[in-house]
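Please look through the sequence and the model below before reading on. The paragraphs that follow begin with the overall form and then move inward to the core and to a single residue beside it.

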Amino acid sequence: MKKIEAVIKPFKLDEVREALSDVGVTGLTVTEVKGFGRQKGHTELYRGAEYVVDFLPKVKIEIVVANDAVDGAIEAIIQAARTGKIGDGKIFVTSVEQIVRIRTGETDEAAI
């Protein structure tokens, strides 16, 4: 099992959710986060004063999938989240050792 974390632009969330649903992902967790990468933020003008926005709003999506579903989930995220502009985001994949569904006590693949 693998945990996929994707940090994307907030306005792409619905498209990514739909794309993941289309490839069989049944659940996900979404967190509003702030950060920056190579773009290092940007400057804005507010009431005549220029200021630097260091941390840009992003959305982090977390899903856990079976090993054979990883490539399809990653491709779905890439296709739905890509704008072609800087700041599209990143995807991180890590191994998951164990999952337990609290309500039923199911473990591992049955708990996904």
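With 112 residues, the protein would have a radius of gyration near 13 Å if it were a compact globule, but its radius of gyration is 17 Å. This is a predicted model, and that value, like those that follow, is computed from it. The dimensions of the C-alpha trace can be set beside the radius: along the principal axes the trace spans about 60 × 25 × 20 Å. Of the 112 residues, 30% count as buried, and the accessible surface comes to about 7,700 Å², with 50% of that area belonging to carbon and sulfur atoms. As for charge, the protein carries 16 positive and 18 negative charges, and the mean positions of these two sets lie 6 Å apart.

The secondary structure consists of two helices and six strands, which follow one another along the sequence in the pattern β-α-β-β-β-β-α-β. Contacts across the chain can be described by their separation in sequence: among those between residues at least 6 apart, 71% join residues at least 24 apart.

Which residues have the most contacts inside the largest nonpolar core? That core has 18 residues, and the ones with the most contacts inside it are Ile4, Ile8, Val16, Leu20, Ile61 and Ile63. Strand S1 (2-8), helix H1, strand S5 (56-65) and helix H2 (70-81) each supply at least two residues of the core, and the largest share, seven residues, comes from H2.

Ile8 offers a way into the surroundings of this core. Leaving out residues up to four places away in sequence, Ile8 touches Leu13, Val16, Lys58, Val59, Ile61, Ala81 and Asp88, a list that includes Val16 and Ile61, which are themselves among the residues with the most contacts inside the core.

Leu13, one of the partners of Ile8, lies in helix H1, which covers residues 13-22. Is Leu13 buried, partly exposed or exposed? Its relative accessibility is 22%, and because buried means under 20%, Leu13 counts as partly exposed. Apart from neighbours within four places in sequence, Leu13 is in contact with Ile8, Val30, Val59 and Ile61, and of these Val59 and Ile61 also touch Ile8. A separation can be given for Leu13 and Ala66 as well: these residues are 53 apart along the chain, and their C-alpha atoms are separated by 22 Å.

Note on methods
Residues are numbered from 1 along each chain as its sequence is written. This is a predicted model: local features need pLDDT of at least 70, side-chain atom pairs count only at pLDDT 80 or more; totals for chains, interfaces and linings use all residues. Side-chain values use heavy atoms; hydrogens and water are left out. Helices (H or I, at least four residues) and strands (E, at least two) are DSSP runs, numbered from the N terminus. Buried means under 20% relative accessible area, exposed over 50%, partly exposed in between (1.4 Å probe, protein chains only). Contact means heavy atoms within 4.5 Å. A nonpolar core is a set of buried Ala, Val, Leu, Ile, Met, Phe, Trp, Tyr and Cys residues joined through side-chain atoms within 4.5 Å. The radius of gyration is taken over C-alpha atoms; the globule rule is 2.2 Å times the number of residues to the power 0.38. Accessible areas come from the Shrake-Rupley method with a 1.4 Å probe; for residues, only the protein chains shown count as cover. Lys and Arg count as positive and Asp and Glu as negative; His and the chain ends are not counted. The place of a charge is taken as NZ of Lys, CZ of Arg, CG of Asp or CD of Glu.
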